[in-house]
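I opened this entry to keep a record of what I looked up, beginning with confidence and then turning to the packing of side chains.

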Amino acid sequence: MIPTSEEEVQLREANMAELDVGKHCQIESCHQKDFLPFVCDACSGVFCLEHRSRGSHSCPEIPVQKEVSVSSSSTSYPCSISHCGGKELLPVVCPYCEKHFCLAHRHQDDHLCEKLETPKCRMAATKELVKKIAESKVAQPPSKGRKGARNSATAAKVALMKLKLHAAGDKGLPQTERIHFQVFLPKGSKQTSLPMFFSSKWSVGKVVDFAASQANLKNSNNVLTAKKLRLCHPQTGVALKMDDSLLSWLSHPQSPLYNGGDIILEYLDNECSVLQDVGEYLAQS
């Protein structure tokens, strides 16, 4: 039996239903049928090639991007010095008085810290020692190795300028703390002397350790029976006390130690407190 035209149509529709491949895009304005549709891995929707991306079909599962608002005026920490006006983005707090300061005034000496203490008993002992040194200096004839021009203010400034050009030290030290010396090294060293700078806040013991490190000297100060590296007075040869502060020697008006001057580093026996033949060191300058 030959199928009629109506039967043919029904047969074709049945075949098309069996062969229905692909799906329509869920975008209402599109609704395009795609034989290889794309399924969104976020909202599980079906879309055509054009609308497969999350942004193109306005995917409801896309997390909202929160804009981070940056405040136009960032927090700053003003310096506690009334006439300064400096500010820092991070707090710079003095561990002693617990006040905020700028980098230029962060040290106790720079902001005249109310908690800054001076060891009075040690200062008294230092003054007494300096007095004895000054008296011995008057009694002794001037050393031939010491040129008279070095005692003048002009010569001292020139010597300091020369030392600053070549001195080795901790580059992190503020310029206001740096004290420069021509350090005369122990007898037998490869070099006679080296220009160095130290912090005025350091103890004499720390100065000795740092100078020994800079000059590659053997330092056995922690060995009881060994000879000790000592920092000695450039005129009298008196060994400076290890726990004295460098500033205590520099601040006394009668002390011949000054920024840009000389200092001697030498090995001494434990019971020895005075270096002999000081002039031999300075004569080489």
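Confidence. I am working from a predicted model, and I looked up where its confidence is lowest and highest: helix α2 (residues 120-139) has the lowest mean pLDDT, 59, whereas strand β8 (residues 193-199) has the highest, 94. I then checked residues 64-72, where the pLDDT is below 50 and where the model has 0 contacts beyond near neighbours in sequence. Residues 145-150 also stay under 50 in pLDDT, but for this stretch I find 14 contacts beyond four places in sequence. For the protein as a whole I note an average pLDDT of 79, with 73% of the residues scoring at least 70.

Cores. The largest nonpolar core has 28 residues, and I list Phe181, Val183, Phe198 and Leu265 as those that touch the most other members. Two or more residues each come from β7 (178-184), β8, α4 (204-214), β9 (228-232), α5 (246-251) and β10 (261-268), and α4 gives the largest share, with 6 residues. I followed Phe198 further and, leaving out residues up to four places away in sequence, found that it touches Leu173, Glu177, Arg178, Ile179, Phe181, Val183, Val207, Phe210, Ala211 and Leu246. Apart from the largest core lies another, of 9 residues, among them Ala239, Ile264, Tyr281 and Leu282.

A loop residue. Is Ser220 buried or exposed? I located Ser220 in the loop between α4 and β9, and I count it as buried because its relative accessibility is 12%, with the cut-off for buried set at under 20%. Beyond four places in sequence, Ser220 touches Ala226, Lys227 and Lys228.

Key
Residues numbered from 1 in each chain as written. Predicted model: local features only at pLDDT ≥ 70, side-chain atom pairs only at ≥ 80, totals over all residues. Heavy atoms only, no water. pLDDT = per-residue confidence, 0-100. Helix = DSSP H or I, 4+ residues; strand = E, 2+ residues; numbered from the N terminus. Contact = heavy atoms within 4.5 Å. Core = buried A, V, L, I, M, F, W, Y, C linked by side-chain atoms within 4.5 Å. Buried < 20%, exposed > 50% of the residue type's maximum accessible area, 1.4 Å probe, protein only.
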